[in-house]
Amino acid sequence: MSEALLVKVGGSLRGAEALLDELSGYPGPLVLVHGGGPEIGALLERLGFQSRFVEGLRVTPEEQLEAVEMALYLTGKRLAEGLSRRGRKAVALSGRDALCLRGQALPGLGRVGEVVGVEAGLLLDLLAGGYTPLLAPIALDEAGPLNVNADTAAGAVAGALRWPAVFLTDVEGVLEDPQDPRTRLPRLTPEGVEALKARGVVRGGMLPKVAAALRALAAGAPWAAIAKGERGVLGRVLSGEAGTRFTPGEAPEKPA
Ligand SMILES: Nc1ncnc2c1ncn2[C@@H]1O[C@H](COP(=O)(O)OP(=O)(O)OP(=O)(O)O)[C@@H](O)[C@H]1O
Ligand SMILES: [Mg+2]
């Protein structure tokens, strides 16, 4: 059987036909986590809100959370329908369903958090029933829902499942020069990531993504990769031809 994969689908890739074909055609089990950056941004703007980002994380005041959830959930339902129509029956959920993502708020960002607990049983039951779970990155703490960066959530779910994590986005991988797709770095270790961050090469939305890849590894995922969400990408990531693959380095990793 083909390898089970946790795939994070970037909001920037929403509904792209090629990506839906690629995911629905993958022969092995998949658990999906999706983002919704562009959709969230568009809805907030229509409602007259402006977003501020801190190290790639969208600051989410309480009064914006409802709109963030609405945009994410519609994105999830569209993806679920697109995959289901292609023969891969997918179910769109969030961390509020069966309380499957437990969160902890991050200071100073409003209702933004990280994932501290994953109820993997729900995901495994759905898979056993022949359904592909698709999670929106909303987690719960005592006060209610928290907006979690989708990469952060995906890294936590991959770690809990101990499955490889593939982060599909709109760039070829981690690039030495973010403007030049030919500068893709095929492999990175935690030490390599630190060096790139120190040089300011990894910025914006790539920051939570590399942190999530490393965190998935630290939590027990066998490997993690960042790659461009296009036709044929999963096979090429598995064979090492596409994307940036993260592997554990020499020194033990500090928790993020
Ligand atoms: N060194 C780098 N290499 C590649 N991309 C980089 C780098 N530094 C910053 N980036 C930016 O990171 C972006 C990807 O993250 P972004 O958060 O925008 O998308 P996503 O995570 O796929 O979607 P979503 O946030 O909706 O889930 C790239 O489009 C690029 O502009
Ligand atoms: Mg992102």
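A residue counts as buried here when its relative accessible area is under 20%. Keep that cut-off in mind, and keep in mind too that you are looking at a predicted model.

**Stop 1: strand E1**

Select residues 5-9, which make up strand E1. Turn on the side chains and look along the strand: Leu5, Val7 and Val9 point one way, while Leu6 and Lys8 point the other way. Every one of these residues is buried, Lys8 included. With 5 of its 5 residues buried, E1 is largely enclosed by the rest of the structure.

Now bring in the partners. On one side, E1 pairs with E2 in the parallel sense over 5 bridges, and you can pick out Leu5 standing opposite Leu30 in E2. E11 is also joined to E1, running parallel, by 4 bridges. For a pair to click on there, try Val9 and its bridge partner in E11, Leu168.

**Stop 2: the whole sheet**

Zoom out a little and colour the strands. What is the order of the strands in the open sheet? Reading across, you get E5-E8-E2-E1-E11-E13-E14-E12, a sheet of 8 strands with mixed pairing. At the edges stand strand E5 (90-94) and strand E12 (187-188); each has a single partner strand, so one side of each is left without a neighbour in the sheet.

Moving from E1 towards E12, select E11 (residues 165-169) and E13 (residues 224-228): these run parallel and are joined by 5 bridges. Thr169 stands opposite Lys228 in E13.

Next, show helix H3 (residues 62-85), which packs on the sheet and touches strand E2 (30-34), E5 and strand E8 (132-136). Its direction makes about 165° with that of E5. Then add helix H4 (residues 120-128), which packs on the sheet as well and touches E2, E5 and E8. The direction of H4 makes about 145° with that of E8.

**Stop 3: E8 and the E5 edge**

Select E8. Is E8 largely enclosed or left open? All of it is covered: 5 of the 5 residues of E8 are buried, so the strand is largely enclosed by the rest of the structure. Thr132, Leu134 and Ala136 point one way, and Pro133 and Leu135 point the other way.

E8 and E2 run parallel and are joined by 2 bridges; look for Val33, whose bridge partner in E8 is Leu135. E8 also pairs with E5 in the parallel sense, over 5 bridges. Two spots to click along that pairing are Val91, with Pro133 as its bridge partner in E8, and Leu93, which stands opposite Leu135 in E8. E5 itself is mostly covered, with 4 of its 5 residues buried.

**Stop 4: Gln64 in H3**

Go back to helix H3 and select Gln64, which lies in it. Gln64 counts as buried, at 6% relative accessibility. What does Gln64 touch, not counting residues up to four places away in sequence? Show Leu44, Phe49, Gln50 and Val59 and you have the set.

**Stop 5: Gly243**

Now select Gly243, in the loop between helix H8 (233-238) and strand E14 (244-246). Gly243 is buried, with a relative accessible area of 3%. Leaving aside neighbours within four places in sequence, the residues in contact with Gly243 are Glu172, Arg184, Leu185, Pro186, Ile226 and Ala227. Draw a distance from Gly243 to Lys228 as well: C-alpha to C-alpha they are 6.9 Å apart, with their positions 15 residues apart in sequence.

**Stop 6: the full chain**

Finally, show everything. The protein chain holds 8 helices and 14 strands. Its radius of gyration is 17 Å, close to the 18 Å that the globule rule gives for 256 residues, so the chain is as compact as a globular protein of that length. The C-alpha trace spans about 40 × 40 × 30 Å along its principal axes.

Colour by domain: domain 1 covers 5-163, and domain 2 covers 170-201 + 213-256. Their C-alpha centres lie 21 Å apart, and 19 residues of domain 1 are in contact with 16 residues of domain 2.

Switch to a surface to finish. About 11600 Å² is exposed, with carbon and sulfur atoms supplying 52% of it. Of the 256 residues, 52% count as buried. Among contacts with a separation of 6 or more, residues 24 or more positions apart account for 73%.

Technical notes:
Residues numbered from 1 in each chain as written. Chains lettered and ligands numbered in written order. Predicted model: local features only at pLDDT ≥ 70, side-chain atom pairs only at ≥ 80, totals over all residues. Heavy atoms only, no water. Pairing = 2+ DSSP bridges. Contact = heavy atoms within 4.5 Å. Axes fitted to C-alpha atoms, helices over the stretch in contact; angles between N-to-C directions. Rg over C-alpha atoms; globule rule 2.2 N^0.38 Å. Buried < 20%, exposed > 50% of the residue type's maximum accessible area, 1.4 Å probe, protein only. Areas by Shrake-Rupley, 256 points an atom, 1.4 Å probe, with all protein chains shown as cover. Domains from an automatic or database assignment.
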